[in-house]
Amino acid sequence: MGSKFHAFMFPWFAFGHITPYLHLANKLAEKGHRVTFLLPKKAQKHLEHLNHFPQNIAFHPLTIPHVNGLPPSAETTSDIPISLDKFLSEAMDLTRGQVEAAVQTLRPNLIFFDFAHWVTELAKDYMIKSVCYIILSATTIAHTLVPGGELGLPPPGYPSTKVMYRDNDAHALATLSIYYKRVYHQITTGLKSCDIISIRTCKEIEGKFCDYIASQYNRKVLLTGPVLPELEKGEPLEEQWIHFLNGFGPGSVVFFALGSQIILEKDQFQELCLGFELLGLPFLVAVKPPKGASTIQEALPEGFEERVKGRGVVWGGWVQQPLVLSHPSVGCFVNHCGFGSMWESLMSDCQIVLIPFLGDQVLNTRLMTEELKVSVEVVREKTGWFSKESLSDAVRSVMDKDSKHGKLVRRNKAKLKDILVSPGLFTSYEDKFVEALQEYLV
Ligand SMILES: O=c1ccn([C@@H]2O[C@H](COP(=O)(O)OP(=O)(O)O[C@H]3OC[C@@H](O)[C@H](O)[C@H]3O)[C@@H](O)[C@H]2O)c(=O)[nH]1
């Protein structure tokens, strides 16, 4: 059994990081441990519905200090373009006093962090254990964030010849170069100096990358598994989507989403819409309005809505992605291969088409498409541009009943899913992880 502990959680101020931390917090709380969750004030109201154990998980809101260059109301990466992330990162560093005050008062046993590498010093001062909990893929860490790593190039001894950047990834590398140095420093410092390294993955998908990280940091690496939430514990799918999706046959709808960060240029957004028009299948596209537009409607190609009426919707807000994916009418998931979406796509019964934008998304895409062979990637030009034809061709290549390639990836994916859903696999990762933490605390 082991004794109950009290953990602090302090993830990077991005929903793509906060949400998986909260899923892990729920698992700890379910086992009777206590969690104090540090997060920006405004983020709390978006997350309360995901806290399934409010008696054991307490949110501890932080005030985001003012930093020149950061818009006054910005508190998470969803509030700013990627080019301003560095200011939010400075603001996070300036919350150190608030974090320390909370540690001093509440005296936790452990503190989980990812980007705030200075947590390890603070933890030592108060004699608590620091846990660097990585919610990006092990593949990304192994390729880009090990000591001696270099932007865009695999490090010596890297265990794959397939999961790499290629010529046509210059667009993703250019974005990565904006924040690479900062994130490299944050992650490698945190991983070197923490007490415990842990990653949100499992060896069935990323075993050799996890082993490589362990060898490069000369440390044991604990895996939590994907720590997916139980869908039945949350709210049901919104009525409007049930109604829309029920109007189509099993496995016929293509669902498109790009996570919480990607905002398309207007011309690329329009090309995307035209790609769906060309495809001819029913679709639900959920993306933010493109740059320069405040609504989706004003940015749609002329006459588009009329032409696809009754067959497709482009929605500018949040949809409940895991629930949409579990609707029987949805047969294909086109997405950016953020690590959260990658897991959700693997656990669904949909065909997977990938269109990565950021550095880690490119590597995740290669892992899925070339190493595991469970998906296809949309072909881009050297400039990063994808055309309506390349988008619709990729979807057709897996959705056409007679497509050989479609059959192959469907078979591979079904095999992998069988392994992942084998009874007890994920819970045994979670149990072993918690046991390992308890051993550290003895
Ligand atoms: O409309 C939406 C969009 C997204 N979501 C949810 O939001 C989460 C998005 O997480 P992802 O990791 O896929 O993508 P994000 O873009 O938010 O992640 C960010 O952090 C993780 C990194 O791998 C990504 O590169 C980075 O962009 C998923 O759990 C998804 O189900 C919705 O529920 N509805």
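Guide: Buried area is the accessible area, taken with a 1.4 Å probe, that two parts lose on being put together, summed over both. Welcome to this predicted model, where local features need pLDDT of at least 70, side-chain atom pairs count only at pLDDT 80 or more, and totals for chains, interfaces and linings use all residues. Residues are numbered from 1 along each chain as its sequence is written, and side-chain values use heavy atoms, with hydrogens and water left out.

Visitor: What is the area buried between domain 1 and domain 2?

Guide: About 2900 Å² is buried between them, and carbon and sulfur atoms give 62% of that. By the definition, this is accessible area lost by the two domains, summed over both.

Visitor: Where do the two domains run?

Guide: Domain 1 covers 6–230 + 423–441 and domain 2 covers 239–420, with bounds from an automatic or database domain assignment. Their C-alpha centres lie 27 Å apart. The contact (heavy atoms within 4.5 Å) takes 38 residues from domain 1 and 31 residues from domain 2.

Visitor: Which residues come nearest to the ligand?

Guide: Ser260, Val319, Ser341, Glu344 and Asp360 come nearest, out of 18 residues around the ligand. A residue is near a molecule if one of its heavy atoms lies within 4 Å of it.

Visitor: What makes the pair between Ser341 and the ligand a polar contact?

Guide: The term asks for a pair of N or O atoms within 3.5 Å; within protein, one must be able to donate a hydrogen and the other to accept it, and residues adjacent in sequence count only if both atoms are side-chain atoms. A polar side-chain atom of Ser341 lies 2.5 Å from an oxygen atom of the ligand, so the pair meets the cut-off. An N or O atom in the side chain of Gln361 is 2.9 Å from a ligand oxygen atom, and a polar backbone atom of Phe339 is also 2.9 Å from one. Taken alone the ligand exposes 660 Å², of which the protein buries 91%, by the Shrake-Rupley method with a 1.4 Å probe.

Visitor: Which helix gives the largest share of the shell around the ligand?

Guide: H13 does, with 4 residues. Helix H12 (321–325), helix H13 (339–347) and helix H14 (359–371) each supply at least two; helices are DSSP runs of H or I, at least four residues, numbered from the N terminus.

Visitor: What does Thr175 touch?

Guide: Thr175, in helix H7 (residues 170–193), touches Ile82 and Leu358, not counting residues up to four places away in sequence.
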